[in-house]
Amino acid sequence: MEAIRTVLCPIDFSPATERQLAFAVDLCRLFGARLVLHHNLDTAPPGAAVGWMWSGAHPGAPTEAGDEERLRRLMAALPEGLEVEAKITHGLPSTSVVTVGELVGADLVVITTHGKSPEEHTSVTQQVLERAKCGVLALHEAGDETSPPRLVAVGEAPRTVVVPTDFSKDSMAAVECAFELARRLPLEPHLLHVVSPGGVTVKASSEEPSSA
């Protein structure tokens with residue numbers, strides 16, 4: 001697998017944005033990757049509890065011009081030397097994330113889970129996980145974690161990472177991404193495959209899959 005060269009970070013200017021962006025920046029600095037910020041403007045009905053959209057009817061709903069200025073301020077505050085660009089889209093959140101990921105050639109998408117959306121009552125994160133053709137790293141919101149996400153420091157004991165796969169071409173992107181991270185960080189990937197009753201049991205393994 002090629003090294004991670006482009007990281008897509010969908011942001012919504014919610015409280016989750018700062019920690020999610022910091023994690024994506026750390027990954028880009030670790031791999032020397034390009035960072036693509038993505039914000040989607042949507043007109044969902046009130047009450048949608050997802051991160052990358054606000055209701056068009058919500059008081060103080062953002063405008064494209066306003067969000068462009070916020071993106072510029074975010075980009076200006078990023079570390080010097082980081083290659084970064086920004087995209088704004090209009091449409092269904094999950095479709096926009098997947099489409100932008102394909103257009104920019106993302107190797108990894110860094111997102112934050114935010115509950116459910118009006119899209120068939122399925123979370124945006126889940127839809128991105130199902131449809132993206134590259135690896136997806138989903139962070140929990142701050143209230144769901146006892147400590148903020150961070151990259152493992154050199155010298156620490158390896159941390160176990162469970163990587164589910166169904167052996168499809170798309171799911172193997174996540175497997176390859178996990179092993180690419182393990183080459184740079186003290187992580188111990190374990191592959192997990194769930195079979196239907198009566199099927200053949202596949203044993204979890206931390207061995208890197210063959211490229212054949």
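Guide: A nonpolar core is a set of buried Ala, Val, Leu, Ile, Met, Phe, Trp, Tyr and Cys residues joined through side-chain atoms within 4.5 Å. Keep that in mind as we walk through this predicted model.

Visitor: Which residues touch the most other members of the largest nonpolar core?

Guide: Those are V7, L27, L35 and V110, in a core of 26 residues. Helix α1 gives the largest share, 7 residues. Other elements giving two or more residues include β1, β2, β4, β5 and α5 (169-184).

Visitor: What is V110 in contact with, beyond its neighbours within four places in sequence?

Guide: Its partners are V7, L8, C9, P10, Q20, F23, A24, L27, L137 and L139. There is also another core lying apart, of 13 residues, with L8, V124, A132 and V136 among them.

Visitor: Let's turn to the sheet. What makes β3 and β5 edge strands?

Guide: The sheet is open, with 5 parallel strands in the order β3-β2-β1-β4-β5. β3 (84-90) and β5 (135-139) each have a single partner strand, so one side of each has no neighbour in the sheet. On average, neighbouring strands here are turned by 20° against each other, ignoring direction.

Visitor: How do you know that β1 and β4 are paired?

Guide: Pairing takes at least two bridges. Strand β1 (residues 6-10) and strand β4 (residues 108-112) run parallel and are joined by 2 bridges, so they count as a pair under that cut-off. One residue to look for is V7, whose bridge partner in β4 is L108.

Visitor: Which helices pack on these strands?

Guide: Helix α1 (residues 16-31) touches β1, β2 (34-41), β4 and β5, and its direction makes about 160° with that of β4. Helix α3 (residues 93-104) lies across β1, β2, β3 and β4, at about 150° to β2.

Visitor: Why are the buried residues of α4 said to be on the same side?

Guide: In helix α4 (residues 124-131), the buried ones are V124, T125, Q127 and V128. They cover an arc of only 165° around the axis, so they sit on the same side of α4. What they pack against is α3, β4 and β5.

Visitor: Why is C28 called buried?

Guide: Buried means under 20% relative accessible area. C28 has a relative accessibility of 1%, so it counts as buried. C134 comes to 13%, so it is buried as well.

Visitor: How do you know that C28 is in no disulfide?

Guide: A disulfide needs two cysteine sulfur atoms within 2.5 Å. For C28, the nearest cysteine sulfur is that of C9, 8.5 Å away, and C28 is in no disulfide. The count by this rule is 0 disulfides.

Visitor: What makes the side chains of β7 alternate?

Guide: In strand β7 (residues 187-192), L187, P189 and L191 point to one face and are buried. E188, H190 and L192 point to the other face and are not buried. In a regular strand, side chains alternate between the two faces of the sheet.

Visitor: How many bridges pair β6 with β7?

Guide: Strand β6 (residues 159-164) pairs with β7 over 6 bridges, in the parallel sense. P164 stands opposite L192 in β7.

Visitor: And the protein chain as a whole: how many helices and strands does it have?

Guide: It has 5 helices and 7 strands, following the pattern β-α-β-α-β-α-β-α-β-β-α-β along the sequence. Of its 212 residues, 42% are buried.

Key:
Residues are numbered from 1 along each chain as its sequence is written. This is a predicted model: local features need pLDDT of at least 70, side-chain atom pairs count only at pLDDT 80 or more; totals for chains, interfaces and linings use all residues. Side-chain values use heavy atoms; hydrogens and water are left out. Helices (H or I, at least four residues) and strands (E, at least two) are DSSP runs, numbered from the N terminus. Axes are lines fitted to C-alpha atoms, for helices over the stretch in contact, and angles run from 0 to 180 degrees between N-to-C directions. Contact means heavy atoms within 4.5 Å. Buried means under 20% relative accessible area, exposed over 50%, partly exposed in between (1.4 Å probe, protein chains only). The arc is that of the directions from the helix axis to the C-beta atoms.
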